[in-house]
Amino acid sequence: MEAIRIDISKTLNFLSQSEIETYQSSVSKSRQALAQKTGAGNDFLGWLDLPNQIDSAYLEEIKQTAHHLKSISEVVVVVGIGGSYLGAKAVIDALSHHFSHLKIGGQTPLVLYAGQNICADYHADLLEIVNEREYSVVVISKSGTTTEPAIAFRLLKQNLEERYGKEGAKERIVAITDPQGGALRKMATNEGYKTFSIPPDVGGRYSVLTPVGLLPIAIAGFDIEQLVTGAKDMKRLSESTPTLQENPVSLYAVVRNILYKKGKKTEILVNYHPRLQYFAEWWKQLYGESEGKDGKGIFPASVNFTSDLHSMGQWIQDGERTIFETILSVKNTKKRIDIPYDSTNLDKMNYLVGKSLQEVNKQAELGTLLAHVEGGVPNVLIEIPVINEYYIGQLIYFFEKACAISGYILEVNPFDQPGVEAYKNNMFALLGKEGYEKLAEELKAKL
Ligand SMILES: O=P(O)(O)OC[C@H]1O[C@](O)(CO)[C@@H](O)[C@@H]1O
């Protein structure tokens with residue numbers, strides 16, 4: 001099997017190979033701190049060994065549960081926010097038929113999401129849709145007290161119980177949560193739900209290779225064994241290649257840090273395939289929550305090309321020169337479609353006759369790359385041969401490990417997220433939660 005490929009040649013107008021070399025010792029130290037668990041956040045390194053720890057019996061248990069939910073559901077609602085749903089959605093979207101929700105006899109059950117926002121219309125529409133179908137719920141929350149998913153689960157639990165009775169609802173709810181503590185664990189034990197555990201040493205944004213990601217992905221009908229195999233192979237590659245230049249994981253971590261130091265404060269993850277849109281959303285949480293702290297950190301952004309070339313293209317080509325791009329490039333698509341001949345040729349597209357759409361998309365990618373580099377935007381290329389479970393598994397581990405190394409180079413703790421609490425505290429105070437009275441007064445005065 002091929003490995004994903006990184007090409008940094010289109011950053012070399014902006015940095016030099018010798019600059020990269022100066023990071024050798026910093027990378028070695030970071031890698032050592034991860035392997036020996038001596039760095040910041042070392043109690044959250046469980047994700048490092050996950051690909052090797054997941055055995056076939058565990059995967060089988062996940063598949064059995066997926067099979068059960070599939071057999072009784074047309075829709076499965078995954079309730080969670082942040083790391084509790086982005087990994088699953090990233091992988092499911094990347095692998096699914098683009099119009100699976102409309103495909104006759106297509107993929108069932110359909111996986112929908114709740115609790116990733118607090119929008120009344122979204123949740124009312126969701127309840128309307130699930131009430132027209134047989135459905136189940138997978139509720140994912142490490143803490144069990146995150147406001148958004150807790151509210152959504154409350155709504156769905158009550159709805160399931162009204163519809164199927166308490167016993168029937170129990171058969172349709174799976175909880176993925178902390179092995180011992182937390183509100184959701186307590187509720188699951190009280191109610192007798194089937195549960196899976198999130199290892200305590202794996203944070204939300206690093207949890208896609210736990211049941212948090214694996215169960216929804218299996219429910220959607222994808223091969224979780226291949227996903228884990230891809231991650232395992234990337235783990236091996238990242239550990240067995242000590243040379244910075246030959247280790248794609250270390251190289252990516254270093255190049256983005258050098259660019260950041262040179263004033264490239266925003267990294268834009270670029271894709272040319274709509275199914276990768278949510279992969280970028282997963283990547284944004286991973287890098288944003290891991291590095292954006294202590295007044296530091298690259299701002300992770302994303303664009304979907306060629307669509308966004310007609311909206312964001314102008315800014316990227318000509319705007320403030322504080323950005324670099326990382327292209328998530330795909331060598332081959334699964335399906336081929338060719339440009340047809342048209343006798344009128346009014347649109348002047350006959351010069352493309354016989355070319356495949358992927359060929360046209362590829363040339364758009366290359367043309368854009370050259371134009372953007374020319375315009376002062378360094379480009380890193382990360383290429384996978386094709387979008388499938390195996391390569392998505394490689395990409396997941398690639399980005400996770402690179403994020404950890406990159407965070408250590410930046411001298412932040414890549415495994416905590418203290419800043420997320422600020423909005424929660426204000427929200428609790430404004431909503432009148434007990435214990436937040438003083439803060440509520442202060443906030444109201446400000447408002
Ligand atoms: O699983 P929980 O506890 O509901 O948390 C959800 C998300 O909130 C965070 O704790 C903060 O955004 C993430 O790390 C996590 O993915």
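The paragraphs below go through a predicted model, from its domains to a helix in the interior, the ligand shell and the annotated residues.

The chain is divided into domain 1, made up of residues 5-39 + 227-414, and domain 2, which spans residues 48-222. The C-alpha centres of domain 1 and domain 2 are 29 Å apart, and where the domains meet, 24 residues of domain 1 are in contact with 21 residues of domain 2. On the side of domain 1 that touches domain 2, the elements giving two or more residues are α10 (224-240), α12 and α15 (389-409). Of these elements, α12 supplies the largest share, namely 9 residues. Sorted by class, that side of domain 1 holds 14 nonpolar, 3 polar and 7 charged residues.

Helix α5, which runs over residues 86-95, offers a view of the interior. Because 10 of its 10 residues are buried, helix α5 is largely enclosed by the rest of the structure. The buried residues of α5 include Leu86, Val91, Ile92 and Leu95, but Lys89 and Asp93 are buried there as well. As for what surrounds this helix, the buried residues of α5 pack against the strands β2 (75-79) and β3 (110-114) and against the helices α9 (211-219), α10, α12 and α15. Helices α10, α12 and α15 thus appear twice in this account, since they pack against the buried residues of α5 and also give residues to the side of domain 1 that touches domain 2.

Turning to the ligand, which residues come nearest among the 14 around it? They are Gly82, Gly83, Ser143, Thr146 and Gly204. By class, the shell around the ligand consists of 3 nonpolar, 9 polar and 2 charged residues.

The annotated positions come last. According to the UniProt annotation, taken from an unreviewed entry, "active site" covers Glu289 and Lys424, and such annotations may be inferred rather than shown by experiment. Glu289 has its place in helix α12, residues 277-291, the helix that gives 9 residues to the side of domain 1 that touches domain 2. Is Glu289 buried or exposed? Glu289 counts as buried because 23 C-beta neighbours lie inside 10 Å, the threshold being 20 or more. Leaving aside residues up to four places away in sequence, Glu289 touches Arg205 and Gln417. Lys424, for its part, is found in helix α16, residues 421-430. With 13 other C-beta atoms within 10 Å, Lys424 is partly exposed, because a residue counts as exposed at 12 or fewer and as buried at 20 or more.

Methods: Residues are numbered from 1 along each chain as its sequence is written. This is a predicted model: local features need pLDDT of at least 70, side-chain atom pairs count only at pLDDT 80 or more; totals for chains, interfaces and linings use all residues. Helices (H or I, at least four residues) and strands (E, at least two) are DSSP runs, numbered from the N terminus. Two residues are in contact if their C-beta atoms, placed from the backbone, lie within 7 Å. Domain bounds come from an automatic or database domain assignment. Ala, Val, Leu, Ile, Met, Phe, Trp, Tyr, Cys and Pro count as nonpolar, Asp, Glu, Lys and Arg as charged, and the others, Gly among them, as polar. A residue is near a molecule or strand if its C-beta atom, placed from the backbone, lies within 6 Å of it.
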